[in-house]
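Reader: I've got a model open on my screen and I'd like to talk through it with someone. Could you walk me around it?

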Number of protein chains: 2
Amino acid sequence: MSATADVAGLVAKAREGQPRAVARLISFVEDASPLMRDVTAALAPHTGHAMVIGLTGAPGVGKSTTTSALVAEYRGRGKRVGVLAVDPSSPFSGGALLGDRIRMQDHATDSGVFIRSMASRGHLGGLSWATPQAIRVLDAAGFDVVLVETVGVGQSEVEVAGAADTTVVLLAPGMGDGVQAAKAGILEIGDVFVVNKADRDGVESTMRELRHMLSLGSGPRSGSDGDSWVAPVLRSIASRGEGIAEIVDAIDEHRVWLERTGQLLNRRQVRAASEVEAIAFGLLRARIGDLSGDARLESLAARVVAGAIDPYAAADSLVAGLSN
Amino acid sequence: MSATADVAGLVAKAREGQPRAVARLISFVEDASPLMRDVTAALAPHTGHAMVIGLTGAPGVGKSTTTSALVAEYRGRGKRVGVLAVDPSSPFSGGALLGDRIRMQDHATDSGVFIRSMASRGHLGGLSWATPQAIRVLDAAGFDVVLVETVGVGQSEVEVAGAADTTVVLLAPGMGDGVQAAKAGILEIGDVFVVNKADRDGVESTMRELRHMLSLGSGPRSGSDGDSWVAPVLRSIASRGEGIAEIVDAIDEHRVWLERTGQLLNRRQVRAASEVEAIAFGLLRARIGDLSGDARLESLAARVVAGAIDPYAAADSLVAGLSN
């Protein structure tokens, strides 16, 4: 009872713009707190308003700098911005990134900006589970824009980025260019492409190659009746703030297209479906987890080691135990 | 019926040492073929003989070269060796690695060596699911030694390496040394530590730092009644084959210790338990997957988007449907 009351209070404070309340709610998400059920229920009526923007790209293309510049641009347009920085790839870069975030956080004492590094806890399904929930927290807390920054390498990051309303793919000249983009599977997920660090050599050829590959690809995203979206290829120098307004304009145009064609609802239903699936999956996993210390799993494992039973048959037996 | 007969035939051919049969069985594993159940059942009676050795380390420490050298050393000692190269981290390095493997594969026309790159298919649980199954294939096919080479960054790789009977952790001088090892959590999983590229500056200090950190850590692995394992710190120059025999000797000593203390059975039961869990998890996931195109999940997702129901309640409803 009192835990539920606390959650309701936290959600109310988060909606008033108190960053500590927002942070605590996201911590519940990351820790997969037992309170998550209450948190999610309390958030549900307040969600669906934020624009969810994915920003992805390989290491070194300037994602953090671009994120900072986009935050400044959105603030200039009077929007409240929440940032989720998802960086599961490396235990080594974690520290430096965190420092970045803290500096940005200090800068943003106006409560119009909230920045959070999402740690991949290494749990299977950790990221794909926690990120949509954290988006939900920021959405309910009244942020107009939720920016999800991911390293564009690896399937789970692609999934996370793919969960956005609009996905911005960032590249840089001279990094292997479009071929790498194609390999990493980010051509398919991009709604807006940006070649950053446009003061370097090779911008033109990277943009040209990218446009060429996009034209060869699965073609423009189709909307209703030929009202299709052709992903623009833009350029920027994020460190000097150049080209940032154009990125935000392109995102806005994409948003208009999403709404006009019904694709926004479509994407959000796909996102909600995978969110529900992930939670269901977690619930089932927890049930298996409950059996982990169990004598039954131990004795099954011993029989597998002895070759008396094969692992599938053992798994069948384990699963059969869950249905009861 | 005929599919089952084919599987029995394949297993028989794999046990005769036919590399194509081994390769096909591993492909079944990677593709999570519907035949996996039959494959696993056919393999079960023939498993438990191979020594499973994990080799892990950060990119650049010389894992592939060391693997090659270890293969040559084991061949010299009359052992048949299967290699699983697990490299989930990068879509970019995949190509080069594959080239390496193909060259090694060409070299090994004696059927005493089998090398396979395990692709992370990006499925959740893909690696942790497929790798133990592939080990099982090589074990049943009669390889004396199964070497599992992983990039020592990221939780799933640590899990994979941790599933070995003996885990060799590879480092190189001047790569941030022990501190990075500690960060990546590989101090805990190493049974044998090797500082490779020992012709470079800083070998001594890396070895010293490593020994120091190991002495500070959770202490030596305890066996029964004070019969504990103190992980040795060795040095090698794998490109010249130097120090390789010593690594194999240390692995053999560890094996003797594992058997004497009962830890071998212990580790294998833990491995089997997590294997059974992973399969059970996959079975449950498949059940959820069956619901994905389902109208029920779609309508639940639509209600979530509308804020009429929260994702947890939707997941509860989905899971309730599985028990029937």
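Reader: Before we start on the strands, what makes a residue count as buried?

Author: Here a residue is buried if 20 or more other C-beta atoms lie within 10 Å of its own. Keep in mind that this is a predicted model. The cut-off to remember for buried is 20 or more.

Reader: Which residues point one way from β6(A), and which the other way?

Author: In a regular strand the side chains alternate between the two faces of the sheet. β6(A) shows that nicely, and its residues on either side are all buried. One way you get A:Val192 and A:Val194, and the other way A:Phe193 and A:Val195.

Reader: What is the bridge partner of A:Leu171 in β6(A)?

Author: Look at strand β5 of chain A, residues 166-171, which pairs with β6(A) in the parallel sense over four bridges. Within β6(A), A:Leu171 has as its bridge partner A:Val195.

Reader: And in β7(A), what is the bridge partner of A:Val194?

Author: β7 of chain A covers residues 233-235, and its pairing with β6(A) is parallel, over three bridges. The partner that A:Val194 finds in β7(A) is A:Leu234.

Reader: Over in chain B, how many residues of β1 are buried?

Author: Strand β1 of chain B runs over residues 51-57 and is mostly covered. B:Met51, B:Ile53, B:Leu55 and B:Gly57 point one way, B:Val52, B:Gly54 and B:Thr56 point the other way, and all are buried. The count is seven of its seven residues.

Reader: Which residue in β5(B) stands opposite B:Leu55?

Author: β1(B) pairs with strand β5 of chain B, residues 166-171, in the parallel sense, and there are four bridges. Opposite B:Leu55 in β5(B) you'll find B:Val168.

Reader: Let's move to helices. Are α4(B) and α10(B) roughly parallel or roughly perpendicular to each other?

Author: Two packed helices are described by the angle between their axes and the distance between the axes. For α4 (residues 63-76) and α10 (residues 244-261) of chain B, the axes are 9 Å apart and the angle is about 70°. Angles of 65 to 115 degrees count as roughly perpendicular. So α4(B) and α10(B) are roughly perpendicular.

Reader: How many nonpolar, polar and charged residues are in the contact of α4(B) with α10(B)?

Author: From α4(B) come B:Ala69, B:Leu70, B:Glu73 and B:Tyr74, and they meet B:Ile244, B:Ala245, B:Ile247 and B:Val248 in α10(B). Sorted by type, the residues of this contact come to seven nonpolar, no polar and one charged.

Reader: Which residues of α4(A) make the contact with α10(A)?

Author: In chain A, α4 and α10 pack at about 70° with 9 Å between their axes, so these helices are roughly perpendicular. The α10(A) side of the contact is A:Ile244, A:Ala245, A:Ile247 and A:Val248. On α4(A), the residues are A:Ala69, A:Leu70, A:Glu73 and A:Tyr74.

Reader: Why are the buried residues of α12(B) on the same side of the helix?

Author: An α-helix has 3.6 residues a turn, so residues three or four places apart point the same way. In α12 of chain B, residues 295-305, the buried ones are B:Leu297, B:Leu300, B:Ala301, B:Val304 and B:Val305. They sit on the same side of α12(B) because around the axis they cover an arc of only 140°.

Reader: Which exposed residues does the face turned away from the buried side of α12(B) carry?

Author: Just after this helix, B:Gly307 has a positive phi of about 75°. As for the face of α12(B) turned away from the buried side, its exposed residues are B:Ala295 and B:Arg296.

Reader: Is A:Lys197 buried or exposed?

Author: You'll find A:Lys197 in the loop between β6 (192-195) and α9 (203-216) of chain A. Its phi is near 55°, a positive value in a residue other than glycine. Since 24 other C-beta atoms lie within 10 Å, A:Lys197 is buried.

Reader: Last one: which residues does A:Gly17 touch, not counting those up to four places away in sequence?

Author: A:Gly17 is in the loop between α1 (2-15) and α2 (19-30) of chain A. Having 16 C-beta neighbours inside 10 Å, A:Gly17 counts as partly exposed. Leaving aside residues up to four places away in sequence, A:Gly17 touches A:Ser111 and A:Gly142.

Definitions and conventions:
Residues numbered from 1 in each chain as written. Chains lettered and ligands numbered in written order. Predicted model: local features only at pLDDT ≥ 70, side-chain atom pairs only at ≥ 80, totals over all residues. Buried ≥ 20, exposed ≤ 12 C-beta atoms within 10 Å, placed from the backbone. Helix = DSSP H or I, 4+ residues; strand = E, 2+ residues; numbered from the N terminus. Arc of directions from axis to C-beta. Axes fitted to C-alpha atoms, helices over the stretch in contact; angles between N-to-C directions. Parallel < 35°, antiparallel > 145°, perpendicular 65-115°, else oblique. Contact = placed C-beta atoms within 7 Å. Nonpolar A, V, L, I, M, F, W, Y, C, P; charged D, E, K, R; others polar. Pairing = 2+ DSSP bridges.
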